[in-house]
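Some short questions follow, each about why a label fits. Look at the model first, then read on.

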Amino acid sequence: MSDGFNDQEKHTSDAQVSSDQTSSPAHPQAHPQGRQGAHGMRYPFDDIPEPAHLKEVAPGIFWVRMKLPYTLDHINLWLIENGDGYALVDTGVANDETKATWREIIAKQLGGKPINKLIVTHLHPDHVGLAGWFSRKFRVPLEMSRTDYLMCKNLAADSGREAPEEALDFYRAAGFAPEGLDRYRQRFGGFGDGISRLPDQFIRLRDGDTFQIGAHMWQAVEGSGHAPEHIALYCPELKVLISGDQVLPRISSNVSLHPTEPKGNPLQDWIDSCAAIKQRLPNDLMVLPAHNEPFYGLHERLQSLIDGHEKGLSRLLDILDEPKRAVDVFSALFKRRIGAAVYFMATGESLAHLACLCARGQIAATRDENGVDWYQKI
(Lines give C-alpha, C1' and ligand atoms only; values in the text may rest on other atoms or scores of the structure.)
Protein backbone atom coordinates (compact mmCIF):
# COMPACT_ATOMS: atom_id res chain seq x y z
CA MET A 1 0.00 0.00 0.00
CA SER A 2 1.04 3.63 -0.26
CA ASP A 3 2.72 5.18 2.73
CA GLY A 4 0.29 8.04 3.34
CA PHE A 5 3.03 10.70 3.31
CA ASN A 6 1.67 13.60 1.34
CA ASP A 7 3.80 16.13 -0.49
CA GLN A 8 3.77 18.49 2.48
CA GLU A 9 5.04 15.78 4.82
CA LYS A 10 7.87 14.63 2.59
CA HIS A 11 10.69 16.73 1.21
CA THR A 12 9.35 16.44 -2.33
CA SER A 13 9.85 18.95 -5.08
CA ASP A 14 7.79 22.14 -4.85
CA ALA A 15 8.86 23.27 -8.31
CA GLN A 16 6.05 24.09 -10.69
CA VAL A 17 6.53 22.33 -14.02
CA SER A 18 5.02 24.11 -17.00
CA SER A 19 2.03 22.33 -18.53
CA ASP A 20 1.94 21.42 -22.20
CA GLN A 21 -1.33 19.52 -21.94
CA THR A 22 -3.60 19.43 -24.93
CA SER A 23 -7.36 19.58 -24.64
CA SER A 24 -8.99 16.47 -23.23
CA PRO A 25 -12.30 14.86 -24.15
CA ALA A 26 -15.32 15.86 -22.11
CA HIS A 27 -16.23 13.27 -19.49
CA PRO A 28 -19.49 12.92 -17.58
CA GLN A 29 -19.71 15.55 -14.82
CA ALA A 30 -16.14 16.69 -15.51
CA HIS A 31 -15.11 20.33 -15.70
CA PRO A 32 -13.56 21.12 -19.11
CA GLN A 33 -10.52 22.77 -17.50
CA GLY A 34 -10.68 21.41 -13.96
CA ARG A 35 -9.71 22.76 -10.58
CA GLN A 36 -6.06 23.82 -10.54
CA GLY A 37 -3.68 21.99 -8.21
CA ALA A 38 0.05 21.87 -7.46
CA HIS A 39 2.68 20.90 -10.03
CA GLY A 40 0.46 22.04 -12.93
CA MET A 41 -2.15 19.35 -12.31
CA ARG A 42 -5.92 19.78 -12.73
CA TYR A 43 -8.73 18.00 -10.91
CA PRO A 44 -11.90 17.57 -13.01
CA PHE A 45 -14.29 16.53 -10.19
CA ASP A 46 -15.35 18.51 -7.14
CA ASP A 47 -16.91 15.58 -5.30
CA ILE A 48 -16.09 11.97 -4.51
CA PRO A 49 -18.57 9.09 -4.64
CA GLU A 50 -20.58 8.33 -1.53
CA PRO A 51 -20.07 4.89 0.05
CA ALA A 52 -21.69 2.09 -1.97
CA HIS A 53 -22.34 4.46 -4.91
CA LEU A 54 -20.75 4.66 -8.35
CA LYS A 55 -19.57 7.81 -10.10
CA GLU A 56 -19.08 7.74 -13.85
CA VAL A 57 -15.80 9.46 -14.74
CA ALA A 58 -15.50 8.47 -18.41
CA PRO A 59 -17.86 6.59 -20.74
CA GLY A 60 -18.49 3.23 -19.09
CA ILE A 61 -15.90 3.74 -16.29
CA PHE A 62 -17.15 4.07 -12.71
CA TRP A 63 -15.33 5.25 -9.60
CA VAL A 64 -15.86 3.39 -6.30
CA ARG A 65 -14.38 4.80 -3.06
CA MET A 66 -13.76 2.29 -0.25
CA LYS A 67 -12.62 2.85 3.33
CA LEU A 68 -9.28 1.50 4.58
CA PRO A 69 -8.39 0.72 8.21
CA TYR A 70 -5.02 2.45 7.92
CA THR A 71 -3.52 5.93 8.28
CA LEU A 72 -4.32 6.28 4.58
CA ASP A 73 -8.07 5.80 5.00
CA HIS A 74 -9.40 5.22 1.48
CA ILE A 75 -8.78 3.54 -1.86
CA ASN A 76 -10.26 4.14 -5.30
CA LEU A 77 -11.48 1.09 -7.23
CA TRP A 78 -12.73 1.04 -10.82
CA LEU A 79 -15.60 -0.73 -12.59
CA ILE A 80 -15.66 -0.81 -16.40
CA GLU A 81 -18.64 -1.89 -18.50
CA ASN A 82 -17.67 -5.16 -20.17
CA GLY A 83 -20.41 -6.66 -22.32
CA ASP A 84 -22.94 -8.39 -20.09
CA GLY A 85 -20.99 -7.56 -16.93
CA TYR A 86 -18.27 -5.40 -15.46
CA ALA A 87 -14.50 -5.53 -15.27
CA LEU A 88 -13.18 -4.70 -11.80
CA VAL A 89 -9.75 -3.11 -11.29
CA ASP A 90 -8.53 -3.62 -7.70
CA THR A 91 -10.75 -4.85 -4.90
CA GLY A 92 -10.14 -3.23 -1.51
CA VAL A 93 -8.86 -4.86 1.65
CA ALA A 94 -10.39 -8.13 2.90
CA ASN A 95 -12.55 -7.22 5.88
CA ASP A 96 -16.24 -7.43 6.76
CA GLU A 97 -16.94 -3.74 6.08
CA THR A 98 -15.51 -3.86 2.55
CA LYS A 99 -17.39 -7.07 1.76
CA ALA A 100 -20.64 -5.53 3.02
CA THR A 101 -20.14 -2.44 0.86
CA TRP A 102 -19.44 -4.58 -2.20
CA ARG A 103 -22.54 -6.69 -1.54
CA GLU A 104 -24.63 -3.51 -1.48
CA ILE A 105 -23.08 -2.28 -4.73
CA ILE A 106 -23.60 -5.63 -6.44
CA ALA A 107 -27.22 -5.81 -5.28
CA LYS A 108 -28.25 -2.20 -5.96
CA GLN A 109 -25.85 -0.62 -8.46
CA LEU A 110 -24.89 -3.23 -11.06
CA GLY A 111 -28.34 -4.08 -12.38
CA GLY A 112 -27.85 -7.79 -11.81
CA LYS A 113 -24.74 -7.90 -13.97
CA PRO A 114 -21.75 -9.94 -12.74
CA ILE A 115 -18.07 -9.16 -12.41
CA ASN A 116 -16.72 -10.92 -15.51
CA LYS A 117 -13.14 -9.65 -15.54
CA LEU A 118 -10.89 -9.17 -12.48
CA ILE A 119 -7.64 -7.20 -12.69
CA VAL A 120 -5.32 -6.31 -9.81
CA THR A 121 -2.61 -3.69 -10.26
CA HIS A 122 -0.24 -5.07 -7.61
CA LEU A 123 0.23 -7.20 -4.51
CA HIS A 124 -0.59 -4.86 -1.61
CA PRO A 125 -3.60 -5.85 0.53
CA ASP A 126 -5.68 -2.74 -0.20
CA HIS A 127 -5.54 -3.69 -3.90
CA VAL A 128 -5.54 -7.51 -3.92
CA GLY A 129 -7.36 -8.11 -0.64
CA LEU A 130 -10.69 -9.38 -2.00
CA ALA A 131 -9.38 -10.83 -5.26
CA GLY A 132 -9.86 -14.40 -4.06
CA TRP A 133 -13.33 -13.58 -2.76
CA PHE A 134 -14.41 -12.09 -6.10
CA SER A 135 -12.77 -14.89 -8.07
CA ARG A 136 -14.71 -17.54 -6.20
CA LYS A 137 -17.96 -15.57 -6.01
CA PHE A 138 -18.17 -14.91 -9.76
CA ARG A 139 -15.97 -17.78 -11.00
CA VAL A 140 -13.76 -15.26 -12.79
CA PRO A 141 -9.98 -15.64 -13.16
CA LEU A 142 -7.60 -13.23 -11.46
CA GLU A 143 -5.38 -11.23 -13.83
CA MET A 144 -2.18 -9.63 -12.52
CA SER A 145 1.55 -9.70 -13.07
CA ARG A 146 3.39 -12.94 -12.36
CA THR A 147 5.90 -11.40 -9.96
CA ASP A 148 3.26 -9.73 -7.81
CA TYR A 149 1.01 -12.80 -7.78
CA LEU A 150 3.84 -15.08 -6.62
CA MET A 151 5.23 -12.54 -4.15
CA CYS A 152 1.76 -12.05 -2.66
CA LYS A 153 1.32 -15.81 -2.24
CA ASN A 154 4.75 -16.01 -0.63
CA LEU A 155 4.14 -13.17 1.83
CA ALA A 156 0.68 -14.42 2.77
CA ALA A 157 2.23 -17.82 3.57
CA ASP A 158 4.29 -16.17 6.34
CA SER A 159 1.20 -16.11 8.59
CA GLY A 160 1.91 -18.03 11.76
CA ARG A 161 5.67 -18.17 11.19
CA GLU A 162 8.28 -16.69 13.48
CA ALA A 163 10.29 -13.80 12.11
CA PRO A 164 13.34 -15.21 10.29
CA GLU A 165 16.79 -14.40 11.59
CA GLU A 166 17.76 -12.90 8.23
CA ALA A 167 15.00 -10.31 8.57
CA LEU A 168 16.00 -9.49 12.15
CA ASP A 169 19.60 -9.05 10.97
CA PHE A 170 18.32 -6.73 8.22
CA TYR A 171 16.58 -4.39 10.69
CA ARG A 172 19.41 -4.67 13.21
CA ALA A 173 21.73 -3.44 10.46
CA ALA A 174 19.36 -0.52 9.86
CA GLY A 175 19.80 0.54 13.47
CA PHE A 176 16.76 -0.93 15.22
CA ALA A 177 17.06 -1.12 19.01
CA PRO A 178 15.96 -4.34 20.77
CA GLU A 179 12.43 -2.98 21.30
CA GLY A 180 12.17 -2.25 17.57
CA LEU A 181 13.17 -5.80 16.75
CA ASP A 182 10.54 -7.03 19.20
CA ARG A 183 7.89 -4.96 17.38
CA TYR A 184 9.00 -6.55 14.12
CA ARG A 185 8.67 -10.02 15.62
CA GLN A 186 5.14 -9.16 16.74
CA ARG A 187 4.02 -7.82 13.37
CA PHE A 188 5.75 -10.42 11.21
CA GLY A 189 3.31 -12.55 9.26
CA GLY A 190 0.57 -9.91 9.34
CA PHE A 191 0.64 -9.29 5.58
CA GLY A 192 -1.95 -12.00 4.98
CA ASP A 193 -4.45 -10.56 7.48
CA GLY A 194 -5.99 -8.28 4.85
CA ILE A 195 -6.04 -10.82 2.00
CA SER A 196 -8.64 -13.45 1.19
CA ARG A 197 -7.09 -16.69 -0.04
CA LEU A 198 -5.77 -16.11 -3.54
CA PRO A 199 -6.95 -18.41 -6.31
CA ASP A 200 -4.48 -21.14 -7.24
CA GLN A 201 -4.49 -20.05 -10.87
CA PHE A 202 -4.12 -16.65 -12.49
CA ILE A 203 -3.75 -15.02 -15.90
CA ARG A 204 -0.45 -13.22 -16.30
CA LEU A 205 -0.41 -9.56 -17.33
CA ARG A 206 2.80 -8.33 -18.94
CA ASP A 207 4.01 -4.92 -19.98
CA GLY A 208 2.58 -4.04 -23.39
CA ASP A 209 -0.20 -6.64 -23.35
CA THR A 210 -3.34 -5.40 -25.12
CA PHE A 211 -6.84 -6.63 -24.37
CA GLN A 212 -10.43 -5.55 -24.85
CA ILE A 213 -12.74 -4.38 -22.10
CA GLY A 214 -16.19 -3.56 -23.41
CA ALA A 215 -15.95 -1.49 -26.57
CA HIS A 216 -12.35 -0.36 -26.10
CA MET A 217 -8.81 -1.71 -26.23
CA TRP A 218 -6.56 -1.36 -23.18
CA GLN A 219 -2.83 -1.77 -22.68
CA ALA A 220 -0.82 -2.96 -19.65
CA VAL A 221 1.86 -0.51 -18.51
CA GLU A 222 4.46 -1.85 -16.08
CA GLY A 223 6.09 0.07 -13.26
CA SER A 224 8.50 -1.03 -10.55
CA GLY A 225 9.82 0.15 -7.20
CA HIS A 226 6.65 0.52 -5.15
CA ALA A 227 5.78 -3.06 -6.10
CA PRO A 228 7.90 -5.55 -8.05
CA GLU A 229 5.79 -5.55 -11.24
CA HIS A 230 2.97 -3.03 -10.93
CA ILE A 231 0.48 -2.98 -13.83
CA ALA A 232 -1.36 0.22 -14.77
CA LEU A 233 -4.05 0.21 -17.49
CA TYR A 234 -4.05 2.62 -20.43
CA CYS A 235 -6.92 3.17 -22.88
CA PRO A 236 -5.85 5.33 -25.86
CA GLU A 237 -9.40 5.72 -27.18
CA LEU A 238 -10.81 7.06 -23.92
CA LYS A 239 -7.58 8.87 -23.01
CA VAL A 240 -7.61 7.28 -19.57
CA LEU A 241 -4.89 5.78 -17.36
CA ILE A 242 -5.91 3.67 -14.35
CA SER A 243 -2.66 4.24 -12.51
CA GLY A 244 -2.96 2.19 -9.30
CA ASP A 245 -0.20 3.39 -6.95
CA GLN A 246 2.26 4.12 -9.77
CA VAL A 247 1.13 7.73 -10.11
CA LEU A 248 -0.73 9.46 -7.27
CA PRO A 249 -1.48 13.19 -7.34
CA ARG A 250 -0.70 14.25 -3.75
CA ILE A 251 0.87 11.20 -2.10
CA SER A 252 4.30 9.83 -2.85
CA SER A 253 4.00 6.05 -2.91
CA ASN A 254 6.26 4.25 -0.46
CA VAL A 255 9.41 2.91 -2.11
CA SER A 256 11.14 0.62 0.39
CA LEU A 257 14.00 -1.82 0.61
CA HIS A 258 12.76 -5.05 2.20
CA PRO A 259 14.54 -7.98 3.88
CA THR A 260 13.31 -10.35 1.14
CA GLU A 261 15.66 -8.60 -1.34
CA PRO A 262 18.26 -6.78 0.78
CA LYS A 263 20.56 -5.99 -2.15
CA GLY A 264 17.85 -4.52 -4.37
CA ASN A 265 17.67 -0.95 -5.66
CA PRO A 266 13.93 -0.19 -5.70
CA LEU A 267 14.32 3.59 -5.76
CA GLN A 268 16.29 3.52 -9.01
CA ASP A 269 13.67 1.11 -10.37
CA TRP A 270 10.99 3.64 -9.38
CA ILE A 271 12.79 6.63 -10.91
CA ASP A 272 13.44 4.71 -14.14
CA SER A 273 9.79 3.56 -14.27
CA CYS A 274 8.46 7.09 -13.87
CA ALA A 275 10.78 8.36 -16.61
CA ALA A 276 9.82 5.51 -18.96
CA ILE A 277 6.08 6.06 -18.46
CA LYS A 278 6.49 9.79 -19.05
CA GLN A 279 8.28 9.02 -22.31
CA ARG A 280 5.78 6.38 -23.38
CA LEU A 281 2.34 7.86 -22.61
CA PRO A 282 0.78 11.13 -23.80
CA ASN A 283 0.10 13.95 -21.37
CA ASP A 284 -3.58 14.54 -22.17
CA LEU A 285 -4.83 11.53 -20.17
CA MET A 286 -7.28 11.55 -17.31
CA VAL A 287 -5.39 9.70 -14.57
CA LEU A 288 -7.50 7.53 -12.28
CA PRO A 289 -5.31 6.89 -9.21
CA ALA A 290 -5.77 4.47 -6.33
CA HIS A 291 -5.69 7.32 -3.78
CA ASN A 292 -6.78 10.98 -3.83
CA GLU A 293 -8.80 12.13 -6.87
CA PRO A 294 -8.68 11.80 -10.68
CA PHE A 295 -6.45 14.38 -12.32
CA TYR A 296 -4.85 15.68 -15.49
CA GLY A 297 -1.13 16.42 -15.66
CA LEU A 298 0.51 13.00 -15.93
CA HIS A 299 3.88 14.27 -17.15
CA GLU A 300 4.02 17.04 -14.58
CA ARG A 301 3.29 14.63 -11.74
CA LEU A 302 5.78 12.02 -12.94
CA GLN A 303 8.47 14.67 -13.18
CA SER A 304 7.66 16.02 -9.72
CA LEU A 305 7.97 12.48 -8.30
CA ILE A 306 11.37 12.04 -9.98
CA ASP A 307 12.55 15.48 -8.87
CA GLY A 308 11.36 14.91 -5.31
CA HIS A 309 13.37 11.74 -4.93
CA GLU A 310 16.45 13.22 -6.60
CA LYS A 311 16.32 16.17 -4.18
CA GLY A 312 15.90 13.72 -1.31
CA LEU A 313 18.99 11.86 -2.48
CA SER A 314 20.91 15.13 -2.64
CA ARG A 315 19.86 16.15 0.88
CA LEU A 316 20.73 12.70 2.15
CA LEU A 317 24.18 12.88 0.60
CA ASP A 318 24.74 16.26 2.26
CA ILE A 319 24.34 14.84 5.77
CA LEU A 320 26.61 11.83 5.23
CA ASP A 321 29.95 13.53 5.80
CA GLU A 322 29.81 11.69 9.11
CA PRO A 323 28.68 8.03 9.38
CA LYS A 324 24.97 7.48 9.99
CA ARG A 325 22.57 4.55 10.30
CA ALA A 326 19.40 4.23 8.25
CA VAL A 327 17.29 5.28 11.26
CA ASP A 328 19.39 8.45 11.65
CA VAL A 329 18.52 9.99 8.27
CA PHE A 330 14.73 10.50 8.47
CA SER A 331 15.13 14.29 8.74
CA ALA A 332 16.64 14.43 5.25
CA LEU A 333 13.65 12.68 3.68
CA PHE A 334 10.58 13.48 5.80
CA LYS A 335 9.24 16.72 7.21
CA ARG A 336 6.98 15.14 9.82
CA ARG A 337 8.09 13.37 12.96
CA ILE A 338 8.22 9.62 12.30
CA GLY A 339 6.08 7.80 14.86
CA ALA A 340 5.41 4.13 15.42
CA ALA A 341 2.62 3.95 12.81
CA VAL A 342 4.98 4.63 9.90
CA TYR A 343 8.36 3.74 11.41
CA PHE A 344 8.86 0.56 9.37
CA MET A 345 7.88 2.24 6.10
CA ALA A 346 10.10 5.24 6.84
CA THR A 347 13.02 2.89 7.57
CA GLY A 348 12.39 0.97 4.35
CA GLU A 349 12.29 4.18 2.34
CA SER A 350 15.47 5.48 3.98
CA LEU A 351 17.20 2.19 3.15
CA ALA A 352 15.99 2.47 -0.45
CA HIS A 353 17.55 5.94 -0.77
CA LEU A 354 20.79 4.77 0.83
CA ALA A 355 20.94 1.73 -1.47
CA CYS A 356 20.48 4.02 -4.46
CA LEU A 357 23.38 6.25 -3.39
CA CYS A 358 25.51 3.14 -2.82
CA ALA A 359 24.69 1.85 -6.30
CA ARG A 360 25.63 5.25 -7.76
CA GLY A 361 29.00 5.00 -6.03
CA GLN A 362 28.46 8.11 -3.89
CA ILE A 363 28.40 6.48 -0.44
CA ALA A 364 29.54 3.24 1.14
CA ALA A 365 28.32 1.17 4.08
CA THR A 366 30.49 -0.33 6.81
CA ARG A 367 29.08 -2.93 9.20
CA ASP A 368 30.33 -2.71 12.79
CA GLU A 369 30.89 -5.50 15.31
CA ASN A 370 27.25 -5.24 16.43
CA GLY A 371 25.90 -5.90 12.94
CA VAL A 372 24.91 -2.27 12.34
CA ASP A 373 25.52 -0.59 8.96
CA TRP A 374 27.01 2.91 8.96
CA TYR A 375 26.73 4.93 5.74
CA GLN A 376 29.18 7.67 4.75
CA LYS A 377 29.98 9.77 1.72
CA ILE A 378 32.91 8.48 -0.36
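Q: When do two strands pair, and what counts as a strand?
A: Two strands pair if DSSP finds at least two bridges between them. Strands (E, at least two residues) and helices (H or I, at least four) are DSSP runs, numbered from the N terminus. This is a predicted model, where local features need pLDDT of at least 70, side-chain atom pairs count only at pLDDT 80 or more, and totals for chains, interfaces and linings use all residues. Residues are numbered from 1 along each chain as its sequence is written, and side-chain values use heavy atoms, with hydrogens and water left out.

Q: What is the order of the open sheet of 7 strands?
A: The order is β3-β4-β5-β6-β7-β8-β9, and the pairing is mixed.

Q: Why do β3 and β9 stand at the edges?
A: β3 (55-58) and β9 (203-204) each have a single partner strand, so one side of each has no neighbour in the sheet.

Q: What makes β7 and β8 a pair?
A: The rule asks for at least two bridges. Strand β7 (residues 115-119) and strand β8 (residues 142-144) have 2 bridges, in the parallel sense. Leucine 118 stands opposite leucine 142 in β8.

Q: Which strands does helix α1 touch?
A: Contact means heavy atoms within 4.5 Å. Helix α1 (residues 96-108) touches β4 (61-67), β5 (74-82) and β6 (85-89). Its direction makes about 150 degrees with that of β4. Axes are lines fitted to C-alpha atoms, for helices over the stretch in contact, and angles run from 0 to 180 degrees between N-to-C directions.

Q: What is the order of the open sheet of 5 strands?
A: The order is β10-β11-β12-β13-β14, again with mixed pairing. β10 (210-213) and β14 stand at the edges, each with a single partner strand, so one side of each is left free of a neighbour in the sheet.

Q: How do you know that β11 and β12 pair?
A: 5 bridges join strand β11 (residues 216-223) to strand β12 (residues 230-235). These strands run antiparallel. The bridge partner of glycine 223 in β12 is histidine 230.

Q: How many bridges join β15 to β16?
A: 5 bridges join them, and the strands run antiparallel. Alanine 365 stands opposite tyrosine 375 in β16. The hairpin has 5 residues between the strands, and glycine 371 takes a positive phi near 80 degrees.

Q: Why is the link between arginine 250 and glutamate 293 called a salt bridge?
A: A salt bridge is a side-chain nitrogen of Lys or Arg within 4 Å of a carboxyl oxygen of Asp or Glu. In this pair the closest N and O atoms are 2.8 Å apart, so the label fits. Arginine 250 lies in the loop between β13 (240-244) and α7 (266-280), and glutamate 293 in the loop between β14 (286-289) and α8 (298-318), so the pair ties together parts that are 43 residues apart in sequence. By this rule the count comes to 17 salt bridges.
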